[in-house]
Amino acid sequence: MAFGGERGGADGSPITHVERVPARDGRPAPWPAWTPAPLRDALAGRGIAALWEHQAAAAELAHGGSHVVLATGTASGKSLAYQLPALSALLADPRATVLYLSPTKALAADQLRAITRLDLDGIRPATLDGDTPREEREWIRQHARFVLTNPDMLHHSLLPGHARWGVFLRRLTYVVIDECHTYRGVFGSHVAHVLRRLRRAATRYGSRPTFVLASATSGDPADTASRLTGLPVVAVTEDASPRGAVTFALWEPPLLPPEFGPEPVRPRTALDDATATHPGSRAAGNPTEGSEILDAAVTGGAGSDGDSLDAAAGPGAAAGGGETVEVELPPVRRSALRETADLLTEAVAAGTRTLAFVRSRRGAEVVASMARRALDEAVPGLGDRVAAYRGGYLREDRRAIERALLTGELLALASTNALELGVDLVGLDAVLICGYPGTRASLWQQAGRAGRSGGEALAVLVARDDPLDTYLVHHPEALFGRPVEATVLDPTNPYVLGPQLCCAASEAPLTSDDLELFGGAPARDAVAVLTETGALRRRPSGWYWTHRGRPEVDLRGTGGAAVSVVESATGRLLGTVDPGSAHLQLHTGAVYLHQGVSYLVDGLDLEDAVALVHPAEPDFSTHARDVTNLSVAEVREYVDAGPVGLFLGEVDVTSQVVSYQRRRLRTGEVIDTRPLDLPVRELRTVAVWFTISPQALAAAGVAAADVPGALHAAEHAAIGLLPLMATCDRWDIGGLSTANHADTEASTVFVYDGHPGGAGFAERAYDTAAAWLRATREAIASCGCDSGCPSCVQSPKCGNGNSPLAKGAAVAVLDAVLDALPDSPADSPHLVPGPRSDL
Ligand SMILES: [Zn+2]
Ligand SMILES: [Zn+2]
């Protein structure tokens, strides 16, 4: 496949980097001496003649009783590393049991098939999920020795019914947690407590199981696994499996010369007009905090697949989904979708079997149809060899499509990330990745589909209009060097801890010792609050749940009912949106995107938590505007770096969606602004913030008039780059910048977790502040635009219409901050909470 040189445009090739990932020979290891002969024979019968070193190392640790996390690449054989000790234990002791947890039913089903095929005597594996019939559950409890389930079942069924599971729990030897990197943010924090409840139940019945975790590669897997389980965990990260050579190219779509743009109207122009015509907006209407700028916190983006991310992101989020960048903010670069479609066309014309990953279903369909059209023009009928693939197909259909691609009957497939888990489609000639999929783990999972034995395979990452994508295509070391992005979760979040302690108390009264298990001081504080509010009752023997029924706790939320999106005409439920982002996405008149189809919101009923919508293809997009205030409640830690201060603490954010703009799709021109009547929302959460003195700003050459725009631009880019340090989505995070904040009495940029109580993102940002802000600075500086674009400082979810923004001054501010800041907060005197006057 050739990189089309002529499409590079006047500014040269779109290829910013080519990395040759060399082939690697596998390093085999002998079977551990303790492997039972029947297991070795059964594995040999499945074509597994030996182990790789990393599998042996992890298995050996687990067998010796150490809790272990294996964090290696896609297709490195992680399952064998836990199957070996777990199945050995089941064969050695005919009464032992194993619990296996996976984030998806499909993965559990794959594992069940793999274990069943080994046909070992007396293991009796079984999956337990929401669909398991009652009578079968009874059998599983009594007879199954390898139970495959998920955290939700553990939370809703197994732990509340622990008495019936007493025999199983008493003999519990191993707990396997597969794909543990998916337990992040609020969900991960809940799962951490579900696992502590499991440990408590096991102890109660007399067992101390060993935990074996499997993770995608990430920064600091041992620390994450420790937070998740509450146990010391050893990491095995050296991948010893063989791998084919891959040539990995990073591709930045060229900037469009103005005459080739969809319409030569830059978003700034339209937005500037808007601010001028609508002085009610915060920037113009509130002189005392005239430059206080907001990025609305949107908390709905926690879905694990591209579609739900797009759907959750809604109207303001259109730019999050790749294909709608054109709709949202007219691109100044050629769209990543179009580039991907062209590359796919060239690949098919050259007879290359190619898989293109696109973030949304509609995007995948657009790429496939553009490629089909171009191919049919060249050779009628050739377009038939390209298909779009998405979630929701039946298993048989999926297998048929995969087979067609593997046999070459189909030459190319454009897909969402639906393939990511549990499906064995590998060995392709080329993989195209349209837009950074959000984490290195996903990137490598996608790229890992390319690679034939013996041959060279190709992977291409096509950057979208996004500061993180821009940074990555110019900083290949962030992709090919040591991983920095860590899976974060925060089990101390009081909004998670309180409800989880109620669950634990309803399973068995909480004792003082138990509180250590659930986190010590934060748990003691939480129990005091729960006792005071009457949720728990204190008795001499401990804390009791005395209410009728069990506590209602949703593992994916922090309180409040999700808003249902219902189609008016049919009553069909399209999906749900987090209560925190419903005001922004589902206000009356909003354009709501669901799986690539657009709807108009007829009305939002907050009382019943329902939004009624009807399908529509309006020629405008909608953009909610909101007014946000932030006050500092408590400083947890800070770094005093002279003219610059760096802080981590709790903040109260109040915001109100006050109006929305309608903008023409093609040009971004503002049609009108319509008022909304929605209540104020309040959020207590965790934030990281930095302050900079007026003297330092002046010394950096930032004119006073540019300070608001510089801080606002830095804030946008900083939010865009945080996913480099922590596995979050920019929709998990909010921000606010101001030239002078009442609490800090300085120019300040705040970045906060969009989830009540925090989810660990701001904390990770604080811990890696220098690296994070340096990457932010680089992303802005390396963008070739003149005055700011979606690839650097514009944000698709700005509550202030991306105004004001000062790109050059933002680089100067970040340089000044980085000059003062130590490389790590740990390098400076560790400062603990001080009185408010110390701010
Ligand atoms: Zn730019
Ligand atoms: Zn903004």
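Q: In this predicted model, which residue with a positive phi follows α14?
A: Let's start just past the end of α14. The residue there has a phi near 75°, a positive value, and that residue is G351.

Q: How many of the 14 residues of α14 are buried?
A: Buried here means under 20% relative accessible area. Among the residues of α14 that meet this are A336, L337, E339 and T340, and further along A347 and V348 do too. The helix is largely enclosed by the rest of the structure, because the buried residues number 10 of the 14.

Q: How far apart are the end C-alpha atoms of α14?
A: Helix α14 covers residues 336–349, which makes 14 residues. At 1.5 Å a residue the expected span is 20 Å. The model agrees with this, so the end C-alpha atoms are apart by 20 Å.

Q: What spacing along the chain do the donors of the zinc ion (ligand 1) follow?
A: Happily, the zinc ion (ligand 1) has its donors spelled out: the SG atoms of C783, C785, C789 and C792, at 2.2 to 2.4 Å. The angles among these four donor atoms run from 99 to 117°, and the site is tetrahedral. Along the chain, the spacing of the donors is C-x1-C-x3-C-x2-C.

Q: Is C789 buried or exposed?
A: The cut-off for buried is under 20% relative accessible area. C789 has 2% relative accessibility, so C789 counts as buried.

Q: Which residues does A86 touch, leaving out those up to four places away in sequence?
A: A86 sits in helix α3 (residues 78–92), and at 1% relative accessibility A86 counts as buried. Its C-alpha atom is separated by 8.7 Å from that of F146, 60 residues apart along the chain. The residues in contact with A86 are V98, F146 and Y174.

Q: How many residues apart in sequence are the parts tied together by D131 and K105?
A: The side chains of D131 and K105 meet in a salt bridge, 2.7 Å from N to O. D131 lies in the loop between β6 (125–127) and α5 (134–143), while K105 belongs to helix α4 (residues 105–118), so the pair ties together parts separated in sequence by 26 residues.

Q: Which residue forms a salt bridge with R197?
A: The closest N and O atoms of this pair are 2.5 Å apart. The link joins distant parts of the chain, with R197 in helix α8 (residues 185–205) and its partner in helix α20 (residues 494–507), 310 residues apart. R197 counts as buried at 1% relative accessibility, and the partner, buried at 12%, is E507.

Notes. Residues are numbered from 1 along each chain as its sequence is written. Chains are lettered from A and ligands numbered from 1 in the order in which they are written. This is a predicted model: local features need pLDDT of at least 70, side-chain atom pairs count only at pLDDT 80 or more; totals for chains, interfaces and linings use all residues. Side-chain values use heavy atoms; hydrogens and water are left out. Donors are N, O and S atoms within 2.8 Å of the metal (3.2 Å for Na, K and Ca); water is not among the atoms, so sites may look incomplete. Four donors count as tetrahedral if all angles lie between 85 and 135 degrees; four count as square planar and six as octahedral if opposite donors are over 155 degrees apart and all others between 65 and 115; anything else is irregular. Buried means under 20% relative accessible area, exposed over 50%, partly exposed in between (1.4 Å probe, protein chains only). Helices (H or I, at least four residues) and strands (E, at least two) are DSSP runs, numbered from the N terminus. The expected span of a helix is 1.5 Å times one less than its number of residues. Contact means heavy atoms within 4.5 Å. A salt bridge is a side-chain nitrogen of Lys or Arg within 4 Å of a carboxyl oxygen of Asp or Glu.
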